[in-house]
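Got your viewer open? Here is a short tour, one selection at a time. Load the model and follow along.

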Amino acid sequence: THSSTLTANLNTARSYPWLLPTDDGKAVVFWGTPEYGGDFIESVELYNPVDNNFTLLSNTMLGETGWSPLTMRLKRPISSQKMNNGKYLLWGHKGSITSLITFDPAAKSFAKFNTTPALPDFSNEVIYDVLVDNSHNAAVLLGLKSGADPQVLTVYVVDLANATLIKMSNEYTLPSGFYINYSANTIVNNDRIMITGGNSLSGSQTNFSPVTKTLFIEFQ
């Protein structure tokens with residue numbers, strides 16, 4: 001109708017929430033931080049457009065506390081995370097444990113997606129983005145060696161049919177002063193990964209040092 005409607009209030013105010021559609025025309029709202037920062041919010045809410053209200057769906061995503069996303073905001077449409085089986089592929093960590101996470105829009109439920117071997121320990125390597133490649137029924141994981149400066153980029157491929165995790169043999173050391181933690185990534189033609197943007201300073205200065213560089217990952 002080309003119109004907007006103000007919803008009722010969320011049960012918990014949250015900045016930078018994630019939202020996913022459900023198969024029955026509703027939506028789940030999860031993660032996000034309190035209004036003035038702090039720990040990630042663990043409760044999951046369900047939005048119903050019929051009565052324009054939010055209800056508490058669950059107190060935690062995975063039935064246990066402590067899970068946080070490994071990226072604050074996704075820089076591409078959330079539909080890009082939808083797999084061939086209709087579920088959405090996300091990722092997060094609990095302490096040093098990293099896991100892929102699926103969301104089932106029919107059941108409105110989250111579950112861990114365990115790979116073989118397991119994903120790298122968060123203290124050794126950070127999986128900062130997960131791209132779904134439905135043409136190959138696979139996912140491409142972009143990782144950064146923890147604490148490395150210059151940054152060292154690693155790449156994994158997950159076979160979504162059997163959950164096999166394969167680490168690509170080549171690693172790439174980025175130029176000094178070029179950080180891609182907050183870059184935008186997408187799969188483009190010829191099965192390449194395009195990495196755009198990033199920052200030239202780390203820490204609290206990341207918002208004030210954008211770069212215009214573009215990198216391509218090409219599989220051979």
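Which residues lie nearest the centre of the second largest pocket? Select Val155, Met168, Asn170, Ile217 and Glu218, and you have them. Keep in mind throughout that this is a predicted model.

**Around the second largest pocket**

Those five belong to a lining of 13 residues. Two elements each give two or more residues to that lining: strand E11 (152-159) and strand E16 (214-218). Colour E16 to see the element that gives the most, with four residues. If you colour the lining by class, you'll get eight nonpolar, three polar and two charged residues. The volume of this second largest pocket is about 350 Å³.

**Zoom out for a moment**

Switch to a cartoon view of the whole protein chain. How many helices and strands are there? The chain has 16 strands and zero helices. Along its principal axes, the C-alpha trace spans about 50 × 40 × 40 Å. The radius of gyration is 18 Å, which agrees with the value near 17 Å that a compact globule of 220 residues would have. Buried residues account for 41% of the 220 residues. Now think about contacts with a separation of 6 or more: 43% of these are between residues 24 or more positions apart.

**The largest pocket**

Next, select Thr71, Met72, Lys75, Asn181 and Tyr182. Of the 20 residues lining the largest pocket, these are the closest to its centre. The pocket's volume is about 570 Å³. Its lining splits into eleven nonpolar, seven polar and two charged residues.

**The cavities**

Rolling a probe the size of a water molecule over the atoms shows where empty space is left. A search of the whole structure turns up two cavities of 30 Å³ or more.

For the largest cavity, keep Thr71, Lys75, Asn181 and Tyr182 on screen, since they are among its lining residues too. Then add Arg73, Leu74, Arg76, Tyr128, Asp129, Ser183, Ala184 and Asn185, which also line it. Strand E9 (125-133) and strand E14 (184-188) each supply at least two residues of this lining. By class, you are looking at four nonpolar, four polar and four charged residues. The volume of the largest cavity is about 80 Å³.

Which residues line the second largest cavity? Select Trp31, Glu42, Thr60, Met61, Leu62, Glu64 and Trp67. Four of these are nonpolar, one is polar and two are charged. This cavity has a volume of about 30 Å³.

**The nonpolar cores**

Keep Met61 on screen and add Phe30, because you'll want to see what surrounds that phenylalanine. Leaving aside neighbours within four places in sequence, phenylalanine 30 is in contact with Met61, and also with Arg14, Pro17, Trp18, Leu19, Leu20, Ser43, Val44, Leu90 and Phe110.

Now add Leu100 and Leu141. Of the 32 residues in the largest nonpolar core, Phe30, Leu100, Phe110 and Leu141 touch the most other members. The largest share of this core, four residues, comes from strand E6 (residues 88-94). A second, separate core has 15 residues, including Tyr128, Leu131, Leu174 and Leu215. You have already met Tyr128 in the lining of the largest cavity.

**Backbone stops**

Finish in the loops, with the backbone shown as sticks.

- Thr116 and Pro117: a cis peptide bond joins them, with omega about -5 degrees. Pro117 is in the loop between strand E8 (109-113) and E9.
- Asp149 and Pro150: the peptide bond from the aspartate to the proline is cis, and omega is near 10 degrees. Look for Pro150 in the loop between strand E10 (138-145) and E11.
- Lys108: phi is near 55 degrees, a positive value in a residue other than glycine. Lys108 sits in the loop between strand E7 (97-104) and E8.
- Asn137: phi is positive here too, near 50 degrees. This asparagine lies in the loop between E9 and E10.

One last check on Asn137: is it buried or partly exposed? With a relative accessible area of 28%, Asn137 is partly exposed.

How values were computed:
Residues numbered from 1 in each chain as written. Predicted model: local features only at pLDDT ≥ 70, side-chain atom pairs only at ≥ 80, totals over all residues. Heavy atoms only, no water. 1 Å grid on protein atoms, 1.4 Å probe; cavity = no way out; pocket = protein on both sides within 12 Å on 5 of 7 lines; lining within 4 Å. Points joined across faces, edges and corners; volume = space filled by probe spheres on them. Nonpolar A, V, L, I, M, F, W, Y, C, P; charged D, E, K, R; others polar. Core = buried A, V, L, I, M, F, W, Y, C linked by side-chain atoms within 4.5 Å. Buried < 20%, exposed > 50% of the residue type's maximum accessible area, 1.4 Å probe, protein only. Contact = heavy atoms within 4.5 Å. Rg over C-alpha atoms; globule rule 2.2 N^0.38 Å.
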